[in-house]
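Colleague: Before we discuss details, please put the model up and fix the terms.

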Amino acid sequence: RVIKNQLEDLTAIYDNLSSAKDKAFGSARLSALNKEIAAHKKLAQANKEYLSEIEDYLSKDKAAARGVGAEFDANGTITNYDQIVEKAVADYNAAVATFNKATTDDEGAKQAFEAAQDRYDEIMEILDQYDETHDLWLEQMQQVLDDVMTEQEQLLERTQLEVELKLNVSE
C-alpha cells in the first residue's frame with residue numbers, strides 16, 4: 001500500500017516535469033529534461049521495489065498453489081489448473097451426494113459436506129490469489145522494462161538537445 005502511494009506521487013511529479021519540459025525551449029528545455037530524468041530515475045527505482053514486493057507475495061502464493069497440487073511452466077502459468085478444479089468439484093459433488101443420502105440428523109454427513117465445501121472454497125481462493133498476483137507481477141515486470149526504454153529515450157533526447165544547443169551557439 002505504501003509503495004503504491006509513493007508510485008502515484010512520483011508519477012504525478014514525473015508527469016508535471018515532463019509537461020514542463022515539453023513547453024520549454026533551448027537551455028530551459030535541457031534543464032527541464034535533466035529534472036525529468038532525475039524524477040524518472042526515482043520512479044523507476046520505486047517500480048523495481050514494488051516488483052520485488054510483488055515477487056515476495058508471488059513466491060508465497062506459488063507455494064500455497066503447490067500445496068493444492070499446482071504445477072507450473074517456465075512462465076509461471078499453472079499447467080494443471082483444470083485438473084485441480086475438476087478434482088475439487090468432484091470431491092465436493094461426492095460430499096453433496098453423501099449428504100443428500102443421509103438422514104437429516106446425520107451430523108457426520110453434514111460435517112463432511114461442510115468440510116468439502118470449505119475445501120473447495122479454499123482451493124479456488126488459493127488458485128485465484130495466485131493468478132491475481134501472477135498477473136500483477138507480469139504487469140509490473142513490463143513497467144520495469146518500459147522504464148528502461150524510457151531512460152534510454154531520455155538519454156538520447158538529452159544528447160540530441162545538447163548537440164543542437166552547441167550547434168546553435170557555434171553559429
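Modeller: Helices (H or I, at least four residues) and strands (E, at least two) are DSSP runs, numbered from the N terminus. The model is predicted: local features need pLDDT of at least 70 and side-chain atom pairs pLDDT 80 or more, while totals for chains, interfaces and linings use all residues. Residues are numbered from 1 along each chain as its sequence is written, and side-chain values use heavy atoms, without hydrogens or water.

Colleague: Which residue with positive phi follows α2?

Modeller: Helix α2 covers residues 26-67. The residue that follows α2 has a phi near 100 degrees, and is Gly-69.

Colleague: How far apart are the end C-alpha atoms of α2?

Modeller: The expected span is 1.5 Å times one less than the number of residues. For the 42 residues of α2 that gives 62 Å, which agrees with the end C-alpha distance in the model, 60 Å.

Colleague: Is Asn-47 buried or exposed, and at what relative accessible area?

Modeller: Asn-47 lies in helix α2. Leaving out residues up to four places away in sequence, Asn-47 touches (heavy atoms within 4.5 Å) Leu-7, Gln-140, Gln-143, Val-144 and Asp-147. Buried means under 20% relative accessible area, exposed over 50%, partly exposed in between, with a 1.4 Å probe and protein chains only. Asn-47 is therefore buried, at 5%.

Colleague: Within what arc do the buried residues of α1 fall?

Modeller: The buried residues of α1 (residues 2-23) are Ile-3, Leu-7, Leu-10, Tyr-14, Ser-18 and Lys-21. They line one face of the helix, because the arc, taken over directions from the helix axis to the C-beta atoms, is small enough for that: 75 degrees.

Colleague: Which residues are exposed on the other side of α1, and which helices are among its cover?

Modeller: On the other side, Glu-8, Asn-16 and Lys-23 are exposed. What covers the buried residues includes α2 and α4.

Colleague: What is the plane angle of Phe-99 and Phe-113?

Modeller: Rings of Phe, Tyr and Trp (its six-membered ring) pair if their centres lie within 6.5 Å; planes under 30 degrees apart are stacked, over 60 edge-to-face, the rest tilted. Phe-99 in α3 and Phe-113 in α4 are 14 residues apart. Their centres are 5.0 Å apart, and the pair is stacked because the planes meet at 20 degrees.

Colleague: Which residues form one aromatic cluster?

Modeller: The structure holds four aromatic pairs. One cluster is formed by Tyr-92, Phe-99, Phe-113 and Tyr-120.
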